[in-house]
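Reader: Please take a close look at the salt bridges in this model and at the parts of the chain they join. I would like one connected account.

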Amino acid sequence: MNTELTAPAPTKPRGFAGFSWPQLLGGVVAVGALVWGVWLTQEVDQLKARRTVSVSLSAMINDFVMAQARSGNSPEQVERETAHFMATLQGILKARAQAGETILVSEAVISESVPDITPQIRAKVGEAMVASASAPARPSSVIPAMPPAAQSAPALEQGNASANR
């Protein structure tokens, strides 16, 4: 009886925790692809949530300039109120942009598929101007954010928009 002890066959060295290096590399790639897929899905969902709107800045600014021209205020007062109007307008538009809206200037919009939020912006700027003018630090005279003729402009703009369709 020949009882020779045979040595165990040499085994390949393993990489880590019983897995080979190619298996470990494949696992890292799979986890990386999963994380990238989750991130990409979130980015696409955020883009879907954005809304594109338009604002007629030239009409709003023109209405304000016309109201200032008729106000009879001193040039210094007109300059202060114009700077305040522009800062208020910029602040409101910036807040809406940060809330997820893409704001286009309506003069650059070719089709009518983008909703016009000019009346909403006009109302917010008017409210902000009246609120800041009634503060104790400012004089009690209030220059309207839009002249009385322009207050009916949203109805005219809507009428013109439906007539153009």
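Author: What follows begins with the chain as a whole, then turns to the salt bridges and the elements that carry them.

The model is a predicted one. Its protein chain has 6 helices and 2 strands, and the order along the sequence is α-β-α-α-β-α-α-α. Of the 165 residues, 22% count as buried. The protein chain exposes about 11,700 Å², and carbon and sulfur atoms supply 64% of that area. Among contacts between residues at least 6 apart in sequence, 79% join residues at least 24 apart.

A search of the whole structure finds 3 salt bridges. Side chains of opposite charge can pair when their charged atoms come close. Arg51, Arg96 and Glu101 are linked in a network of such bridges, and Glu101 takes part in a bridge with Arg51 and in another with Arg96.

Take the pair of Arg51 and Glu101 to begin with. The closest N and O atoms of Arg51 and Glu101 are 3.2 Å apart. Arg51 lies in strand β1 (residues 51-55) and Glu101 in strand β2 (residues 101-105), so this bridge ties together parts of the chain that are 50 residues apart in sequence. The two residues can also be described by their cover. Arg51 has a relative accessible area of 38% and is therefore partly exposed. Glu101 has a relative accessible area of 10%, so Glu101 counts as buried.

The bridge between Glu101 and Arg96 brings in a helix. Here the closest N and O atoms are 2.7 Å apart. Arg96 lies in helix α3, which covers residues 75-98. With a relative accessible area of 16%, Arg96 is buried; the cut-off for that class is under 20%. Leaving aside its neighbours within four places in sequence, Arg96 is in contact with Arg51, Glu101, Ile103, Ile117, Gln120 and Ile121. Both of the other members of the network, Arg51 and Glu101, are thus in this set of contacts. Another contact of Arg96, Ile121, is among the buried residues of helix α4.

Helix α4 also carries one end of the bridge between Arg122 and Asp63. The closest N and O atoms of Arg122 and Asp63 are 2.5 Å apart. This pair links distant parts of the chain, with Arg122 in helix α4 and Asp63 in helix α2 (residues 57-71), 59 residues apart. Both Arg122 and Asp63 are buried.

The two helices that hold this pair can be described in turn. Helix α4 (residues 118-133) has 16 residues. From its first C-alpha to its last it reaches 22 Å, close to the 22 Å expected at 1.5 Å a residue. Buried in α4 are Thr118, Ile121, Arg122, Val125, Gly126, Met129, Ser132 and Ala133. Seen down the axis of α4, these buried residues fall within an arc of 140°, so they line one face of the helix. An α-helix has 3.6 residues a turn, so residues three or four places apart point the same way. Arg122 belongs to the buried set of α4.

Helix α2 has 15 residues and reaches 21 Å from its first C-alpha to its last, close to the 21 Å expected at 1.5 Å a residue. Its buried residues are Met60, Asp63, Phe64, Ala67 and Gln68. Seen down the axis of α2, they fall within an arc of 135°, so they line one face of the helix. On the other side of α2, Ala69 and Arg70 are exposed. Gly72 follows α2 and has a positive phi, near 80°.

Two further features concern helix α1 and the segment before it. Leu40 lies in helix α1 (residues 21-49). Together with Trp36, Trp39 and Val44, Leu40 makes a nonpolar surface patch of about 410 Å². Leu40 has 34% relative accessibility and so counts as partly exposed. Ala17 is placed in the segment before α1. Its phi is near 55°, a positive value in a residue other than glycine. Ala17 counts as exposed, because its relative accessibility is 61%.

To return to the request, the network of salt bridges links Arg51, Arg96 and Glu101, while the bridge of Arg122 and Asp63 links helix α4 with helix α2.

How values were computed:
Residues are numbered from 1 along each chain as its sequence is written. This is a predicted model: local features need pLDDT of at least 70, side-chain atom pairs count only at pLDDT 80 or more; totals for chains, interfaces and linings use all residues. Side-chain values use heavy atoms; hydrogens and water are left out. Patches are made of residues with over 30% relative accessible area and no salt bridge: like charges are joined within 9 Å, nonpolar side chains (Val, Leu, Ile, Met, Phe, Trp, Tyr) within 5 Å. Accessible areas come from the Shrake-Rupley method with a 1.4 Å probe; for residues, only the protein chains shown count as cover. A salt bridge is a side-chain nitrogen of Lys or Arg within 4 Å of a carboxyl oxygen of Asp or Glu. Helices (H or I, at least four residues) and strands (E, at least two) are DSSP runs, numbered from the N terminus. Buried means under 20% relative accessible area, exposed over 50%, partly exposed in between (1.4 Å probe, protein chains only). Contact means heavy atoms within 4.5 Å. The expected span of a helix is 1.5 Å times one less than its number of residues. The arc is that of the directions from the helix axis to the C-beta atoms.
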